[in-house]
Amino acid sequence: TTAAYDLGAKDVIMLWRDDYCTREHWLRADDSLFDGVYSWDAERLNTLAKEGAGYISIAAADPENLKGVDQERQRRYSIASNRDLKDFYNLEMTNGFPWCVASVPITAWAEKVFPELKGEEANEKLWETIFKMVRITEDGDAVEAWKEHCGNLERRAKVLNEMNLESVHYKNSLGTDLVVELPENCRWLAGGDTSKAGFKFVANMPTEEIFSAPKRDGVNGVLYSARPLVLNGNIVDGIRFEFENGKIVKATAEKGGEVLNKALDTDENSRYLGEIALVPYDSPISNSKITFFNTLFDENASCHFAFGEAYPSSIEGGDDMTEEELFERGINATAGVHVDFMVGTEDLSITGKTRDGKEVVIFENGNFVF
Ligand code: ZN
Ligand code: ZN
């Protein structure tokens, strides 16, 4: 709060949540509450978003906090919040306001990441690790480090944009064999973004990815996950997806399959991909060999996709298009979910096909070739 005022914020509003109250709410609140957002709550979020307020979200939770919670309640509530917070989510997805997701340790989470440590020791270790992942060092200048890092990501995004890819083909020894078509005029994005009011921001800290959106009906083959995923307060691991013309027609998991399928059934667009993201296997997060059980970190350790809603900016001019226009251009413009899941392995290869019919190598042994 102090830092935000120091930087000239007009106001600083803290929205506080904690695991204990959240879990009690999901388990015990009146059933009618899961079909809508309180009007005053929706009004607050939507109004501030329309004013262009910056949002900083601190993502820190026990990864299994919602284990055993009624999945149907979660599904109903994602539909309700998508409807009632439509202005907020639309503006978030189209750079209508600057936002950032970052993290701090809490004990329940830190002890899952470092099971050999307890309490304060686990917290300390997670603080150290987070600082390293977000390029905060004792002697370095973190802001400069971020500028340089974003510059590097943007350079690769530019190379990908110049390739003008029609499709990419993923293969690895887990059994992944997937062809992903890309919509015309798609854009690869990375690092920082600029809000409509002209504020530069980095939406995720850390971030290592270069992303775009797949063609909604152009995904075919088999895809295996490579790291566990925390989904609605549950761990899902060992996912196998089968795609037909963009749709996930079969989804199984060694752990959490029911939670996964419930999320896929949120609405008719949730079984289509909304994001394709490239992350080298040799990224600092991946090299740490730590599983964070927190998507903010784990998605930046590995190539990933997201099922559900796409970022409109994934195609040229998309931020100013209507939902119908975006669907026409071939991207999955709206869905009740956006769930990132990790697929990158040490031996992942990705080859691309350009619109003028050339084959290009993009990934070899888990890493960019350029
Ligand atoms: Zn991503
Ligand atoms: Zn995502």
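How are the donor residues of the zinc ion (ligand 2) spaced in sequence? They follow the pattern E-x62-H-x1-D. Keep that in mind as you look through these close-ups, which come from a predicted model.

**View 1. Meet the donors of the zinc ion (ligand 2).** Three residues supply the protein donors here: Glu275 through OE, His338 through NE2, and Asp340, which is listed twice, each time with OD. These atoms sit 2.1 to 2.6 Å from the zinc ion (ligand 2). What do we call the geometry of this site? It's irregular, with angles of 54 to 147° among the 4 donor atoms. For comparison, ideal angles for four tetrahedral donors are 109.5 degrees.

**View 2. Glu275 works with two zinc ions.** Glu275 forms a bridge between the zinc ion (ligand 2) and the zinc ion (ligand 1). The two ions are 3.5 Å apart. Now find the strands: Glu275 belongs to strand 13 (residues 273-278) and His338 to strand 15 (residues 338-342), so this pair ties together parts of the chain that are 63 residues apart in sequence.

**View 3. Two donors, two degrees of cover.** Is Glu275 buried or exposed? It's buried, because its relative accessibility is 3% and the cut-off for buried is under 20%. His338 has a relative accessible area of 26%, so it counts as partly exposed.

**View 4. His304 and its contacts.** His304 is part of strand 14 (residues 304-308). With a relative accessible area of 0%, His304 is buried. Which residues does His304 touch, once you set aside its neighbours within four places in sequence? Among them are Glu275 and Asp340, names you already know from the zinc site, along with Glu209, Glu299 and Phe341. Take a look at Phe341 in particular: it lies 37 residues from His304 along the chain, yet their C-alpha atoms are separated by 5.5 Å.

**View 5. A look into the second largest pocket.** There's about 190 Å³ of space in this pocket. Its lining is made of 16 residues, and Asn90, Thr94, Glu309, Pro312 and Glu323 are the ones nearest the centre. Helix 5 (86-93) and helix 12 (323-328) are the elements that each give two or more residues to the lining. Which element gives the most? That's helix 5, with 5 residues. What kinds of residues make up the lining of the second largest pocket? It's a mix: 7 are nonpolar, 5 polar and 4 charged.

Definitions and conventions:
Residues are numbered from 1 along each chain as its sequence is written. Chains are lettered from A and ligands numbered from 1 in the order in which they are written. This is a predicted model: local features need pLDDT of at least 70, side-chain atom pairs count only at pLDDT 80 or more; totals for chains, interfaces and linings use all residues. Side-chain values use heavy atoms; hydrogens and water are left out. On a 1 Å grid over the protein atoms alone, a cavity is a set of points where a 1.4 Å probe fits but cannot get out, and a pocket is an open set with protein on both sides within 12 Å along at least five of seven lines; lining residues have an atom within 4 Å of a point. Grid points are joined across faces, edges and corners, and a volume is the space filled by probe spheres set on the points. Helices (H or I, at least four residues) and strands (E, at least two) are DSSP runs, numbered from the N terminus. Ala, Val, Leu, Ile, Met, Phe, Trp, Tyr, Cys and Pro count as nonpolar, Asp, Glu, Lys and Arg as charged, and the others, Gly among them, as polar. Donors are N, O and S atoms within 2.8 Å of the metal (3.2 Å for Na, K and Ca); water is not among the atoms, so sites may look incomplete. Four donors count as tetrahedral if all angles lie between 85 and 135 degrees; four count as square planar and six as octahedral if opposite donors are over 155 degrees apart and all others between 65 and 115; anything else is irregular. Buried means under 20% relative accessible area, exposed over 50%, partly exposed in between (1.4 Å probe, protein chains only). Contact means heavy atoms within 4.5 Å.
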